[in-house]
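Colleague: I'm new to this one, so could you walk me through it piece by piece?

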Amino acid sequence: MFERVRGFLAPVLPSRLRPSLVVVPVVRLSGIIGFTTPLRPGLTLSSVARSLERAFAWPNAKAVALAINSPGGSAVQSHLIFRRIRQLAEENARPVIAFVEDVAASGGYMIACAADEIVCDPASIVGSIGVIGATFGFPEAIKKLGIERRVYTAGEHKATLDPFLAENEDDVARLKAIQRDIHSMFIGLVRERRGERLTGPENTVFSGEYWVAKTAKDLGLVDQLGDVRGFLRQRFGEDVVTPPVPAERSLFGRRTPGVAGIATEGLLGIEPRGLVDDLISALEARAIWARFGL
């Protein structure tokens, strides 16, 4: 606790009173990217931008640490967060070290690639460099129930992949083309950031497969095995201070509405989200984490 207090106070003290400390602020990036449920806030650029800016602006910080725990999510939000980290790192001349906790997969690994070094726990799961899209089809179910689907559109492809209509091969082909473009961008980003450190065959590394940390290290996807405190002490000395940079908070002290937020919305006369929508969102989030055994 004393070290944490010293780390917070050191930057604001006059130089003559400032203790000789090595400070590495830590930003936690945890959750599904671009996907928010009432009970489990996700990651978006808007939710992490202030925390990142505060960390990189920390006076005399030797580096910025990212504690990452994400199974992925939105490709766009992943890339926006990646780009913001790189912009701040270059503007402030700060090295970045990513520390993977349970998982840095898909978009979570994309964000980790914003770091100059990636460190994992031996049991961390890393990889899944690919693009996925999933839905359900119900045309036969609604036919048996005697339900008639009526869709009115302006635009030939506006109802693409409607789950209540029969699957159309042309729609699937267009979706796969989009996925290939995003996958190509992802591959290019990993190649650029990891460079010669990538040692595994490309048809394996970029297949969408994921691995435990040691295998990921052998493939060149990560640099070392370890944890935040142990690694930073080894790198910067026993006296290194690692103050956490708090997440952005709302008026009611939460990053996103959550349970308390929903209750507050009702009190303020704002229409709360539907219970069914919340339940579906929670199940979808659970399914994404479950892909990695979490």
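Colleague: Let me start with a helix: which residues of α3 are buried?

Modeller: Some ground rules before that. This is a predicted model, where local features need pLDDT of at least 70 and side-chain atom pairs count only at pLDDT 80 or more, while totals for chains, interfaces and linings use all residues. Residues are numbered from 1 along each chain as its sequence is written, and side-chain values use heavy atoms, with hydrogens and water left out. Helices (H or I, at least four residues) and strands (E, at least two) are DSSP runs, numbered from the N terminus. Buried means under 20% relative accessible area, exposed over 50%, and partly exposed in between (1.4 Å probe, protein chains only). Here, the buried residues of α3 are Ser78, Ile81, Phe82, Arg84, Ile85, Arg86, Leu88 and Ala89.

Colleague: How do I read spacing along a helix?

Modeller: An α-helix has 3.6 residues a turn, so residues three or four places apart point the same way.

Colleague: And what covers the buried residues of α3?

Modeller: The cover includes strands β1 (26-30), β2 (64-70) and β3 (96-105), along with helices α2 (45-56), α4 (107-112) and α6 (169-194).

Colleague: What span should α3 have, at 1.5 Å a residue?

Modeller: The expected span is 1.5 Å times one less than the number of residues. Helix α3 covers residues 75-92, so its 18 residues should span 26 Å, and the end C-alpha atoms are 26 Å apart, which agrees.

Colleague: What goes on at the two ends of α3?

Modeller: At the start, a side-chain oxygen of Ser74 comes to within 3.3 Å of the backbone nitrogen of Val76. Just past the helix, Ala93 has a positive phi of about 50°.

Colleague: Arg84 sits in α3 too; which residues does Arg84 touch?

Modeller: Contact means heavy atoms within 4.5 Å. Leaving out residues up to four places away in sequence, Arg84 touches Leu45, Glu53 and Glu91. A polar contact is a pair of N or O atoms within 3.5 Å; within protein, one must be able to donate a hydrogen and the other to accept it, and residues adjacent in sequence count only if both atoms are side-chain atoms. The side chains of Arg84 and Glu53 make one at 3.3 Å.

Colleague: On to strands: how many residues of β2 are buried?

Modeller: Seven of its seven, which leaves β2 mostly covered. Val64, Leu66, Ile68 and Ser70 point one way, and Ala65, Ala67 and Asn69 the other.

Colleague: Which strands does β2 run parallel to?

Modeller: Two strands pair if DSSP finds at least two bridges between them. Five bridges join β2 to β1, with Ser30 opposite Asn69. Six join β2 to β3, with Ile68 opposite Val100. A crossover is right-handed if, with the strands pointing away from the viewer, the path from the first strand over the helix to the second runs clockwise. β2, α3 and β3 make a right-handed β-α-β unit.

Colleague: Where does β4 fit in?

Modeller: β3 and β4 pair in the parallel sense over four bridges, and Ile97 stands opposite Glu117. The chain goes from β3 through α4 to β4 in a right-handed β-α-β crossover. Two bridges also join β4 (117-120) to β7 (224-225), again parallel, where Leu225 is the bridge partner of Cys120.

Colleague: How many disulfides does the structure hold?

Modeller: Zero, counting a disulfide as a pair of cysteine sulfur atoms within 2.5 Å. Cys113 is buried at a relative accessible area of 1%, and Cys120 at 0%.
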